Amino acid sequence: MLSIQRRMEELEKKVQILEQEVVHLRNNSLHTLHSNTDEVPETDSSATHQDSLHTLPLNASTNITAPLAHEKKLIDQFNVLHGRNEQASITATPKEPIDWEHLLARIWLPRIFIIVLLLGVLWGFSAAVRNGILTEPLRCILGLMVAAIMFWYGEVQYRHKRSALAQVLLGGSIAILILTLFAAHMLYGLIPAPHSFVLYLLSIGAGVFTAIRHRSQTLLIVTMLGGFMVPFLIRSTVPNTWVFVGYETLFSVTMLILSSIFAYRIAHFTAIGLLHIPLFFLFIFLGNQSGSVAYAFITGATLQYITIFVIALLQKNRDIYHKSIVVFSGFLLLTGWASMVSNRENLPMLFDILIGLWAGIFTLTALWKHVWKENEPVYLAAASYAWFIWLSHILGTESLYMAWTMEGFILLLLAIRSKSPLQQISGCVIYSLGLMGTLSTDIRDIASYASASWIILIATLIIMLQVIRRRPHLKHTFIYHSYIWFWLTLFIILLFTKEMSEVFTWYLSTDTQHLVLSSVWAAYAVVMIVIGVLFQHKYARLAGILLLLLTLLKLILIDIPGVSLPIRAILFIGLGAIGIIISRLLYRKQAIQPPADPPATR
């Protein structure tokens with residue numbers, strides 16, 4: 001905010017200087033004109049005035065108009081920054097109505113009726129074949145001719161600026177070409193498998209070249225669909241999983257690079273998702289018989305994600321939201337493949353090594369971006385997710401909640417500095433999971449993971465509360481609202497005192513257990529009130545009073561029916577005395593000093 005305000009002030013100064021320069025230039029030009037007219041005789045003043053105007057240097061007028069145009073541009077920018085865009089709103093052109101005729105006739109009609117045409121051709125082709133009119137070679141030649149004619153006519157439509165119809169024709173020509181090759185190879189056996197594979201690649205290459213030549217994302221997506229189907233269109237007597245996965249991965253990587261170069265977002269996501277569909281079906285088809293070839297799937301997914309990560313790392317000007325979706329979605333797919341392969345092959349180390357390696361890569365990348373002052377929080381958020389998955393897989397339930405709490409706490413602290421909403425949400429979610437997991441764990445022994453988890457949770461709450469109190473600007477953020485952290489800390493400490501009271505008094509009688517717990521809660525209330533009085537914390541005093549009332553409520557609802565009469569008398573006498581003393585102390589303190597602000601606003 002300070003940098004923006006400083007820039008606004010500098011812009012105001014520049015506008016004032018430009019105004020002075022424009023006035024100075026106007027005065028000089030007028031002075032020059034008047035001096036020229038004063039030197040000539042009065043009898044020929046009009047002619048001389050015209051001559052002086054014609055003899056005025058051209059660069060003088062340029063020097064006058066150029067600052068005026070630059071001044072107007074700066075003033076417009078200044079008005080936009082300050083929200084003074086009344087003139088812009090007045091001169092803004094109204095939104096043009098939708099031309100339904102253009103939308104239906106030129107865009108959707110070709111796309112719909114090309115499908116109708118293909119269906120008609122297909123049925124006519126079937127009828128001719130059934131009647132013995134078309135032989136198998138003649139059918140293939142006819143398919144190639146139709147594909148060539150559609151391709152030629154699509155190019156003609158592009159030259160006439162009919163891009164929608166041209167894309168449909170070119171895409172249909174590629175589809176018919178691939179179907180013709182499929183029929184010649186799979187149905188009629190006219191082309192052997194190696195030759196058909198080469199012809200498929202040439203067809204896909206022609207489609208990609210045409211899409212790039214015409215800068216058509218739609219045509220690239222259509223070609224991409226055919227490219228991913230190529231392995232299914234080849235008859236192979238000895239199927240090779242590594243060759244299948246290798247081709248699909250290489251094609252996906254190639255399409256990712258091309259779509260990134262030309263900034264095709266839809267094609268980029270299509271290239272990411274379409275790889276995993278054929279791989280998943282093959283993985284399901286192989287079942288438990290996959291054996292060592294199961295590593296081919298994790299290899300293909302890893303190579304694709306390396307490409308995604310490198311592209312995201314190199315493209316610094318890409319939209320941060322698009323980059324976040326790409327990085328996270330790709331890593332989720334990689335995590336899924338690592339989980340499926342490791343579970344099928346009974347190799348948990350594979351999952352641990354792969355996810356741990358990417359967690360380290362994300363962490364180092366986030367550190368590198370921080371050193372070079374590049375604001376890209378997606379890598380730190382990805383690192384937090386990767387570490388979360390890795391810890392969840394290698395740690396047991398007893399220590400897992402403690403690890404989640406510490407990771408979420410670190411992320412929340414880092415998010416204060418980076419001011420990244422994505423990182424704040426990631427840290428809040430992980431910390432909340434650790435908190436809820438810790439609350440669901442009962443303390444059975446003092447020296448246990450459960451007690452350590454509770455202690456670490458309370459320590460992080462207190463530290464976070466102190467950090468937030470020293471940064472008043474965080475009070476406007478819901479995640480860092482000081483009141484939420486203050487009352488949450490008091491509640492967690494209250495539950496912790498209950499758990500520890502049960503640990504120390506489990507071997508005692510029920511009366512003694514109720515007596516100890518009520519005494520501990522009363523002492524907790526007294527401590528909070530004393531802290532509030534000594535440090536002028538209004539909300540600490542209020543919390544202590546509420547704790548006293550909560551203890552009284554516990555005595556009435558729980559302790560009275562379940563304890564003996566002597567213990568009941570001790571509890572009520574002690575709590576009543578504490579309440580009266582505290583009330584007197586607060587009364588005297590209020591008479592001496594006025595109440596202070598709550599701890600969150602100091």
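User: What share of the contacts in the chain with a separation of 6 or more comes from residues 24 or more positions apart?

Analyst: Happy to start there: residues 24 or more positions apart account for 69% of those contacts, where contact means heavy atoms within 4.5 Å. This is a predicted model, so local features need pLDDT of at least 70 and side-chain atom pairs count only at pLDDT 80 or more, while totals for chains, interfaces and linings use all residues. Residues are numbered from 1 along each chain as its sequence is written, and side-chain values use heavy atoms, with hydrogens and water left out.

User: What makes up the secondary structure of the chain?

Analyst: The chain has 22 helices and 0 strands. Helices (H or I, at least four residues) and strands (E, at least two) are DSSP runs, numbered from the N terminus.

User: How do you know what span to expect for helix H15?

Analyst: The expected span is 1.5 Å times one less than the number of residues in the helix. H15 (residues 378-394) has 17 residues, and its first and last C-alpha atoms are 24 Å apart, close to the expected 24 Å.

User: Which helices do the buried residues of H15 pack against?

Analyst: They pack against H12 (294-314), H13 (320-344), H14 (348-371), H16 (397-418) and H17 (421-439). Among the buried residues of H15 are Tyr379, Ala382, Ala383 and Ala386. Phe362 is in contact with Tyr379, Ala382, Ala383 and Ala386, and also with Tyr305, Phe309, Val327 and Phe331, leaving aside its neighbours within four places in sequence.

User: Why is Glu155 called buried or exposed?

Analyst: Buried means under 20% relative accessible area, exposed over 50%, and partly exposed in between (1.4 Å probe, protein chains only). Glu155 has 10% relative accessibility, so Glu155 counts as buried. Across the chain, buried residues make up 40% of the 602 residues.

User: What makes Glu155 and Arg213 a salt bridge?

Analyst: A salt bridge needs a side-chain nitrogen of Lys or Arg within 4 Å of a carboxyl oxygen of Asp or Glu. Glu155 and Arg213 meet at 2.8 Å, N to O, so the pair fits that definition. Glu155 lies in helix H6 (residues 136-159) and Arg213 in helix H8 (residues 193-213), so the pair ties together parts that are 58 residues apart in sequence.

User: How many salt bridges does the structure hold?

Analyst: There are 3. Another one joins Arg444 and Asp442, at 3.8 Å from N to O. Arg444 is exposed at 73% relative accessibility, whereas Asp442 is partly exposed at 41%. Lys498 also forms a salt bridge with Glu502, with the closest N and O atoms 2.8 Å apart. Lys498 and Glu502 are 4 residues apart in helix H19 (residues 482-505), so about one helical turn separates them.

User: Which residues have the most contacts inside the largest nonpolar core?

Analyst: Met224 and Phe362 do, in a core of 80 residues. The largest share of this core, 11 residues, comes from H12. A nonpolar core is a set of buried Ala, Val, Leu, Ile, Met, Phe, Trp, Tyr and Cys residues joined through side-chain atoms within 4.5 Å.

User: Why is Leu557 called buried or exposed?

Analyst: Leu557 has a relative accessible area of 59%, so Leu557 is exposed. This residue sits in helix H21, and Leu557 is one of the residues making a nonpolar surface patch of about 920 Å². Helix H21 (residues 538-562) gives the most to that patch, with 10 residues. Patches are made of residues with over 30% relative accessible area and no salt bridge: like charges are joined within 9 Å, and nonpolar side chains (Val, Leu, Ile, Met, Phe, Trp, Tyr) within 5 Å. Accessible areas come from the Shrake-Rupley method with a 1.4 Å probe; for residues, only the protein chains shown count as cover.
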